[in-house]
Amino acid sequence: MSIHKEVKRVTAHTLQWMKQHGEKISMLTAYDYSMAGIFDDANIDVLLVGDSASNVMAGNETTLPITLDQMIYHASSVIRAISRCMVVVDLPFGSYQGNSKEALNSAIRIMKETGAHAIKLEGGEEVLESIKRIISAGVPVMGHLGLTPQSINKFGTYSVRAKEEAEAAALIKNAHLLEDSGCFSLVLEKIPATLGKQVAEELKIPVIGIGAGMHVDGQVLVMHDMLGITKDFSPRFLRRYLNLYEQIKEATEHYIADVKAKAFPNEQEQY
Ligand code: KIV
């Protein structure tokens, strides 16, 4: 049985049910009202208002510059569009690493000012106290391990993480700590598929992968990548379902040509 289209509201319980019954979880990023509405109508399970907005919406090289106010703006726009899916919002860099009180205040601002259903933050042991504090205030938390883009200056590259035994062991340990601290799910980014499989099998909570292989409990992609709006980003894990970059460019060229040729508007397209 599949509850994908049956359920009126996707919650943390729905995702848990999906894991237990082997139904894969679908997740995409969204940052604005119009796209979020389309994804929700298509019955996406989870929308992530990712701090990748810093890259794909604002054109920054990393996720570091985006602010809490900007995340709240994006999340509010997404929330106004949806009626079924669960909406998770990233805590941006600098809004939770200081201490657990700061982390809680940031999470509360997101929940109060956007109406989102949960928050996501990056890291393991080092952010555990913050995670526990946020959860005890009633805010569901999604963890994020593996390639954590907010730490890009520590890693130095966006290459595959946890290929070495020591880093893989640390990731497994952190995954268990996140589950034990009460996270309702976990994102694993750009790690070997065998490690993704092991973590998904060991944890009871749903594990959602981006470049973590086929054995995890669900998949997430950045919407601009899935739709082919970005064209220079081609990691192995990415499948493009459209080539919107070319289609939008062609449509725009067609429009420009029509305007220049006085072919738009025509008699029927004016008052
Ligand atoms: O910000 C984001 O888009 C993310 C996904 C890559 C999981 O965190």
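Is arginine 161 buried or exposed? Keep that question in mind while you get your bearings; the tour will come back to it. One thing to know before you start clicking: what you have open is a predicted model.

**Stop 1: the whole protein**

Show the protein as a cartoon and turn it slowly. You should be able to find 11 helices and eight strands. The radius of gyration is 20 Å, close to the 18 Å that the globule rule gives for 271 residues, so the protein is as compact as a globular protein of that length. Along its principal axes, the C-alpha trace spans about 65 × 45 × 40 Å.

Now switch on the surface. Buried residues make up 50% of the 271 residues. If you prefer to think in contacts, take those between residues at least 6 apart in sequence: 57% of them join residues at least 24 apart.

**Stop 2: two domains**

Next, color residues 12-240 and residues 244-271 separately. The domain assignment gives these ranges as domain 1 and domain 2. How far apart are the centres of domain 1 and domain 2? Taken over C-alpha atoms, the separation is 39 Å.

**Stop 3: the largest pocket**

Select Ser52, Asn55, Pro149, Glu189 and Val222. Of the 29 residues that line the largest pocket, these lie nearest its centre. The volume of this pocket is about 560 Å³.

Which helices and strands each supply at least two residues of the lining? Highlight β1 (25-29), α3 (53-56), β6 (185-189) and β8 (218-221) to see them. If you color the lining by class, you will get 13 nonpolar, eight polar and eight charged residues.

**Stop 4: serine 54**

Stay with helix α3 and pick serine 54, which is found there. Its relative accessible area is 0%, so serine 54 is buried. Leaving out residues up to four places away in sequence, serine 54 touches Gly59, Asn60, Thr62, Thr63, Leu64, Pro65 and Ile66.

**Stop 5: arginine 161 and its loop**

Time to return to the opening question. Select arginine 161, in the loop between α7 (152-155) and α8 (165-181). Arginine 161 counts as buried, because its relative accessibility is 14% and the cut-off for buried is under 20%. Show its surroundings too: beyond residues up to four places away in sequence, arginine 161 touches Gly146, Leu147, Phe155, Glu167, Lys190, Ile191 and Pro192.

Move along to alanine 162, which is in the loop between α7 and α8. Alanine 162 is buried, with a relative accessible area of 4%. Check its backbone as well: phi is near 60°, a positive value in a residue other than glycine. For background, most residues other than glycine have a negative phi.

**Stop 6: leucine 147**

One of the contacts of arginine 161 is Leu147, so select that residue next. Leucine 147 sits in the loop between β5 (141-146) and α7. With 3% relative accessibility, leucine 147 counts as buried. Setting aside residues up to four places away in sequence, leucine 147 touches Phe155, Thr157, Tyr158, Ser159, Arg161, Glu189 and Lys190.

Try your distance tool here. Leucine 147 and threonine 157 are 10 residues apart in sequence, and their C-alpha atoms are 9.5 Å apart in space.

**Stop 7: aspartate 40**

Keep threonine 157 selected and add aspartate 40. Their C-alpha atoms are separated by 34 Å, and the two residues are 117 residues apart along the chain. Aspartate 40 belongs to helix α2 (residues 33-41). Is aspartate 40 buried or exposed? At 3% relative accessibility, aspartate 40 counts as buried. Apart from neighbours within four places in sequence, its contacts are Ala81, Ile82, Ser83, Arg84 and Cys85.

**Stop 8: the segment after α11**

Finish by finding α11 (244-260) and following the chain into the segment after that helix, where proline 265 has its place. Lysine 262 is in the segment after α11 as well. Lysine 262 is exposed, with a relative accessible area of 74%. Its phi is positive, about 60°, although lysine 262 is not a glycine.

Then select phenylalanine 264 and proline 265. What kind of peptide bond joins phenylalanine 264 and proline 265? A cis peptide bond does, with omega of about -5°. In general, most peptide bonds are trans.

Key: Residues numbered from 1 in each chain as written. Predicted model: local features only at pLDDT ≥ 70, side-chain atom pairs only at ≥ 80, totals over all residues. Heavy atoms only, no water. Domains from an automatic or database assignment. 1 Å grid on protein atoms, 1.4 Å probe; cavity = no way out; pocket = protein on both sides within 12 Å on 5 of 7 lines; lining within 4 Å. Points joined across faces, edges and corners; volume = space filled by probe spheres on them. Helix = DSSP H or I, 4+ residues; strand = E, 2+ residues; numbered from the N terminus. Nonpolar A, V, L, I, M, F, W, Y, C, P; charged D, E, K, R; others polar. Rg over C-alpha atoms; globule rule 2.2 N^0.38 Å. Buried < 20%, exposed > 50% of the residue type's maximum accessible area, 1.4 Å probe, protein only. Contact = heavy atoms within 4.5 Å.
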